[in-house]
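Biologist: Let us go through this model together. I will ask, you answer.

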Amino acid sequence: MISAATPDVATATARLRALLGDRLHEPGDPAYVTTTTLWNGAVQRTPALVAHCLDADEVADAVRVAAQCHLPLSVRSGGHDWAGRALRDGGLVLDLTGLRTVRVDPDAATVTVGGGVTAAGLLAATRPYDLVVPTGTVGDVGMAGLGLAGGYGPLCGRFGLTLDSLLGAEVVLADGRRVTADPRHDAELYWALRGGGGNVGVVTELRFRAHRLPGVLAGMIMLALAEAPAVLRGYGALIAEAPDELTVMTGFLPGPAGEPVIFVCPFYSGPDLDAGLPWMDRLRALGTPLVDQIAPMPYADALRMFDGGMVDGNHYLLRTRWLPGLTDNTVDVLVDAARQVSSPFSALAVHHFHGAATRVRLADTAFGLRTDHLLTEIIAVWAPGDQARPHREWAEHTSAALAPHALPGGYPNLLAPEETDRVRLAYGANWPRLHRAKHRYDPRELLTAVPTLPRSVR
């Protein structure tokens, strides 16, 4: 393992300074604070160095320096991982936010993005061509972190996970070699990248299949907390019938006065948006809406519904469970959690996995769950200066209450760094193969990323 030897920060600094000049940041540099500040104010890490790279050659050189100088290594792309794994104490951070090139080929229906491109950046480039790539729900999330470990989102039913549209990648391996990974070039690396996260290489470029989608019928319906049990039961029945074109989120958000309200957020992506109107009526009929904002709109505009949901500088802690469906027991747990929420900023989100995402064979990608299910996010949020304990306890209690009704494992992009046993369970039958790929491409374990892979098969 790379951590077995004493890090030689002085030599690494001299070599990287010669390579990057003032794009190498050390503690005390004016840019260091900016490059080591993440949206989650609970993350406080002190890397030894931050290398702001502008191309794959610089990334490769920096990886070689890290390996030779025994520096722990992390990669910052979007930097949106809640646990802050983009930063490693005493390590070298590869800052890829400068790799923001987007190339759209409308004839081939592909889009190629640099390792620092966000979902919003990709969609801005594809919008003039009525093309999209499946994304998550937040535009600031990096496409690399999203697409390498999963990519739940509003187009899951129609087009699958983000990783299901990944056609290939340019990768810097742990020894500094630059390679291409796609079905014709290192197919095993390509397999591992689609679900295994950034643990087998540093991805400097990704090529996605793009899908024609002029617009979606989408929006937000909010209802009073008192209606939540009936709404959730009705939601569970409705999504069991939903076509591929309809993917629906639900959960609890802070209302106007900070009190929790239940929300239902549908995305209908069929070619005839009018065909989605009866589904919207069924969702409205689940209760008496306090807010009812459903309309046709471009997909990128629909994602803006979630802008501002995460306030930079607040403190965040996430827990997650995979649920096979919404039973009376799980409905009760979710409603009780909303009623007992410890902060007016906290939230619960339930993501809908179905349709096209379930028709990918389990063995075709490293992603470990391809049956219909719901992904639950338990999002504890509190203001800087507040005591963390009550918010952590709320999240932990909710997760524990859901555990008896949950599937093994959980979405690796949301599991905590210490939950390595659940990461292994998340990959199921794919775990032994992914473990072999990790050993093959990074035998010294230079790279740790989201998800945090266990070091051995148990």
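Biologist: Which residues does Phe-367 touch, not counting residues up to four places away in sequence?

Modeller: This is a predicted model: local features need pLDDT of at least 70, side-chain atom pairs count only at pLDDT 80 or more, and totals for chains, interfaces and linings use all residues. Residues are numbered from 1 along each chain as its sequence is written, and side-chain values use heavy atoms, leaving out hydrogens and water. Contact means heavy atoms within 4.5 Å. On that basis Phe-367 touches Ala-149, Gly-150, Tyr-152, Leu-161, Leu-163, Arg-194, Gly-195, Trp-322, Phe-353, Leu-362, Tyr-411 and Asn-430.

Biologist: In the largest nonpolar core, which residues touch the most other members?

Modeller: A nonpolar core is a set of buried (under 20% relative accessible area; 1.4 Å probe, protein chains only) Ala, Val, Leu, Ile, Met, Phe, Trp, Tyr and Cys residues joined through side-chain atoms within 4.5 Å. This one has 64 residues, and the most other members are touched by Phe-252 and Phe-367.

Biologist: Which strand gives the largest share of this core?

Modeller: Strands are DSSP runs of E, at least two residues, numbered from the N terminus. Seven residues of the core come from one of them, strand 18 (residues 373–382).

Biologist: Is Thr-204 buried or exposed?

Modeller: Thr-204 sits in strand 10 (residues 202–209). Its contacts include Ala-56, Leu-99 and Glu-170. Its relative accessible area is 7%, so Thr-204 is buried.

Biologist: What is the strand order in the open sheet of four strands?

Modeller: Two strands pair if DSSP finds at least two bridges between them. The pairing here is mixed, and the order is 1-2-4-3.

Note on methods
Buried means under 20% relative accessible area, exposed over 50%, partly exposed in between (1.4 Å probe, protein chains only).
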